[in-house]
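I opened a fresh page in the notebook for this one. Here is what I looked up, in the order I went through it.

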Amino acid sequence: MDTAGKVIKCWAAIAWEANKPLSIEEIEVAPPKDHEVRIKIEASAICRSDDHALKGQLANLKFPVILGHEGAGIVESVGKAVTSIKPGDKVIPLYMPQCGECHCCKSKKSNLCAKNDIGPFVGLMDDNTSRFSCNGKMIYNFCGTSTFSEYTVANEISVAKIDAAAAPPERVCLIGCGFSTGYGCAVQTAKVEAGSTCVIFGLGAIGLSVIIGCHVAGAARIIGVDINKDKFAKAKAVGATECINPRDFTKPIHELICEMTDGGAGYTFECIGNIDTMISALQSSHPGYGTCVLIGIAPAGAQLAFDPMLILTGRTLKGSFFGGLKSKDCVPQLVSDYMENKFKLDELVTHTLPFAKINEGFELLHAGESIRTVLTF
Ligand code: APR
Ligand code: ZN
Ligand code: ZN
């Protein structure tokens, strides 16, 4: 393309500081350096973690920053030494990279690539510089993805090429975070078995995606738990067999679940980020073999405290990022599976807005009205 090797001027949503609306401004995006890929973003959804970032709840995150990590787009140009991606490829940026060389990438048991920037939030490329600037001021990236921009630059290890030519970017962008996180927790982290009973605490995008994974895995009973009964219809539409509201009962929710499931569920999932419901989820899993998976992100500094007898009696407590899925390997397959209607995904998108209305999208999230708002470019 004739923009290859040149600086591109385009619009991006800049978070200049925490707790302020995003500001849509013209930025300069430098060409990709060695092992880097410049992507024209076509769609990006707003995830709860973008909101955590914007509220200043992620320790170490530096401002100004371009947020966004749930996107899909087309490769505009590539830097030197890029082998797996070429201009014109349809891609999904990956906040969890897959370098293929670190201990976790080499292990079959993990997807936690050492090159991820979740936690340190360095916000720079490998050479410790940024490809983004606005009026000469350097702007940090977010988890190496920064999809709230018309153009972004990502390392090749943080980009999955998706084959399906017809894959709609305004749907498959969800495979970049929310969908894969929940779905993967069911099929990969927990490895839900057919015929089992699963309990999902929290029926937002993550909880619904867990339900979709449990359903695909053949779970016999899928029990959704939420304090907002308005979430039940959608949960049932994607596969929940029953839904309960803890506020309708006086007894602790784990006692009710253990009664409903003849002693506890085979698999429980916490998709809220609340310490109390994490312990309820563990207590709701069956002694001897139950597995409890933590997905929700607790407030910074929160600590879990529970009776170790819960573990000694044979329950397993687990957690993962990105559903435990090796990102670069699994994302293309998930896109193909979606195109073959192997699972539901469209139900997660409640709103679609033009990119310029990104702050409205955050307001919908705050009001609890949206599951996912997708921004189109
Ligand atoms: N008991 C049951 N349900 C609850 C409770 C509670 N105590 N508190 C909140 N909920 C429900 C809310 O009503 C909501 O439907 O949990 C759901 C959470 O959904 P969202 O806020 O939409 O969150 P989601 O985007 O699904 O993410 C869940 O995973 O990735 C992390 O940062 C994310 O911590 C968050 C979690
Ligand atoms: Zn996310
Ligand atoms: Zn790695």
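Before reading any metal site, I fixed the term: donors are N, O and S atoms within 2.8 Å of the metal. I also kept in mind that this is a predicted model.

**Entry 1: the zinc site.** With that cut-off in hand, I looked at how the donors of the zinc ion (ligand 3) are spaced along the chain, and found the pattern C-x2-C-x2-C-x7-C. Cysteine 99 sits in the loop between strand 6 (90-93) and helix 2 (103-106), while cysteine 113 lies in the loop between helix 2 and strand 7 (132-134); the pair is 14 residues apart and links distant parts of the chain. The full set that coordinates the zinc ion (ligand 3) is Cys99, Cys102, Cys105 and Cys113, each through SG, at 2.3 to 2.4 Å. Next I checked the geometry: the angles among the four donor atoms run from 101 to 121°, and the site is tetrahedral.

**Entry 2: cover at the two ends.** Are cysteine 99 and cysteine 113 buried or exposed? I found cysteine 113 buried, at a relative accessible area of 0%. Cysteine 99 has 17% relative accessibility, so it counts as buried as well, the limit being under 20%.

**Entry 3: the whole protein.** I then stepped back and noted 11 helices and 18 strands. The radius of gyration is 20 Å, close to the 21 Å from the globule rule for 377 residues, so the protein is as compact as a globular protein of that length. Its C-alpha trace spans about 65 × 40 × 35 Å along the principal axes. I also logged that 55% of the 377 residues count as buried.

**Entry 4: surface.** The protein exposes about 15700 Å², and carbon and sulfur atoms supply 53% of that.

Definitions and conventions: Residues numbered from 1 in each chain as written. Chains lettered and ligands numbered in written order. Predicted model: local features only at pLDDT ≥ 70, side-chain atom pairs only at ≥ 80, totals over all residues. Heavy atoms only, no water. Donors = N, O, S within 2.8 Å, 3.2 Å for Na, K, Ca; no water. Tetrahedral: all angles 85-135°; square planar, octahedral: opposite > 155°, others 65-115°. Helix = DSSP H or I, 4+ residues; strand = E, 2+ residues; numbered from the N terminus. Buried < 20%, exposed > 50% of the residue type's maximum accessible area, 1.4 Å probe, protein only. Rg over C-alpha atoms; globule rule 2.2 N^0.38 Å. Areas by Shrake-Rupley, 256 points an atom, 1.4 Å probe, with all protein chains shown as cover.
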